[in-house]
Amino acid sequence: MLFVPVAFFFVPEINGKKAKSIIKFFSYGMVFFAIIFLIDASKRYFDTCNTEVFFHNELVPYDPGAIYMSVFASLAFFYFIQISSKSNIEQVCVGILCLLIFLLSSKSIITIDFIIVICYYAFFVKIPSGTKTLTIVSVTLFLFLSVFFVKEVRERFLIEYETAFIDNTLNNELTKDQQNVYNVSINEAWNKEDFHKNSFFPGTALRIYQLRIFVDLLQEQEIFWKGFGLEASQPYIREKAEQHNLDDIYKEYNFHNQYIQTFAELGIAGFLILIGMLLLNLKNALAHKDFLHIAFAITMIMLFLSESFFCRQRGIVFFIILYCLFNSVSSEKEAIKST
């Protein structure tokens with residue numbers, strides 16, 4: 001977060017053309033990786049006849065993992081989307097990256113990408129309004145029909161809606177090979193004091209629970225000004241998991257929210273610096289009217305609500321390099337435009 005920006009002071013001036021070349025190289029690289037992952041999953045499917053090899057963390061290596069690969073693939077996807085006159089190869093690349101993002105089944109990334117694509121066709125594409133409306137409707141129908149008909153993806157979305165407001169629902173998938181496992185609702189995640197070893201937190205409930213324990217720690221510990229220190233919050237999260245009688249796996253989860261993670265570890269100053277960086281990034285993106293920059297800015301702002309992105313080196317490197325790259329292109333005329 002420090003040395004990459006310092007390095008950018010010593011590289012030659014980066015104009016829109018150079019920045020576009022870097023993103024283009026990265027995007028074709030992501031297409032190559034997507035093909036490798038799909039081929040590998042196909043080979044494993046023929047060996048096992050298990051369709052789960054095509055989805056989420058089964059499709060990609062645990063390191064970097066489905067969430068990070070979804071973020072990387074999304075930037076490449078947006079690069080190809082914003083090309084106004086796509087060649088056949090570029091159209092194929094769009095399809096491959098779209099398939100990869102969908103199979104990785106990250107609810108937050110699929111939702112963010114959907115919103116950004118709709119905004120792109122609504123505000124950036126210069127086509128007749130009728131065609132624009134038809135395109136937006138088609139993209140929306142494609143997403144919802146795909147989610148509805150693909151079992152593995154549908155279940156990841158449905159569990160959020162089926163469990164969010166109903167307490168103590170039975171988790172049929174996790175109950176198969178062990179004692180009954182019960183889903184935690186949003187209300188329980190925020191208010192319940194004593195859970196059980198067989199309590200399971202769906203994605204939204206987990207984020208609410210982590211927000212709750214952050215609020216508790218903010219009141220119990222003197223962390224407002226200085227925080228716990230970088231990567232020093234985990235012991236306190238473990239204590240809270242023990243206090244609430246949770247399974248050991250929840251002792252190893254971080255806050256799953258970069259805003260909370262930063263506040264807890266670096267205090268109010270670190271939190272305000274992060275907010276300032278994100279707002280400056282968005283301001284520059286909007287000023288340059290650069291779709292790729294805007295997509296990156298919005299993705300980071302929204303993603304940080306559900307992931308502690310900087311708790312992994314790959315997240316830090318991805319964010320700070322692209323942050324410096326986009327914000328080094330100094331004017332609207334030099335922005336990373338499609339051709």
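**Notes on two cavities and helix H15**

1. The second largest cavity is lined by three nonpolar, three polar and two charged residues (Ala, Val, Leu, Ile, Met, Phe, Trp, Tyr, Cys and Pro count as nonpolar, Asp, Glu, Lys and Arg as charged, and the others, Gly among them, as polar). Its lining is made up of Asn 168, Tyr 182, Asn 183, Val 184, Glu 188, Lys 192, Phe 195 and Ser 199, and it holds about 30 Å³ of space.

2. A word on the source: this is a predicted model, where local features need pLDDT of at least 70 and side-chain atom pairs count only at pLDDT 80 or more, while totals for chains, interfaces and linings use all residues. Residues are numbered from 1 along each chain as its sequence is written, and side-chain values use heavy atoms, with hydrogens and water left out.

3. The structure has two cavities of 30 Å³ or more. A cavity here is a set of points on a 1 Å grid over the protein atoms alone where a 1.4 Å probe fits but cannot get out; lining residues have an atom within 4 Å of a point. Volume is the space filled by probe spheres set on the points, which are joined across faces, edges and corners.

4. Now the largest cavity, with about 60 Å³ of space. Its lining has seven nonpolar, two polar and no charged residues. Helix H4 (66-81) and helix H14 (291-303) each give at least two lining residues (helices are DSSP runs of H or I, at least four residues, numbered from the N terminus). Phe 318 is also among the lining residues.

5. Phe 318 turns up again in H15, as one of the buried residues there (under 20% relative accessible area, 1.4 Å probe, protein chains only). The cover over the buried residues of H15 includes H4 and H14.

Methods. 1 Å grid on protein atoms, 1.4 Å probe; cavity = no way out; pocket = protein on both sides within 12 Å on 5 of 7 lines; lining within 4 Å. Buried < 20%, exposed > 50% of the residue type's maximum accessible area, 1.4 Å probe, protein only. Contact = heavy atoms within 4.5 Å.
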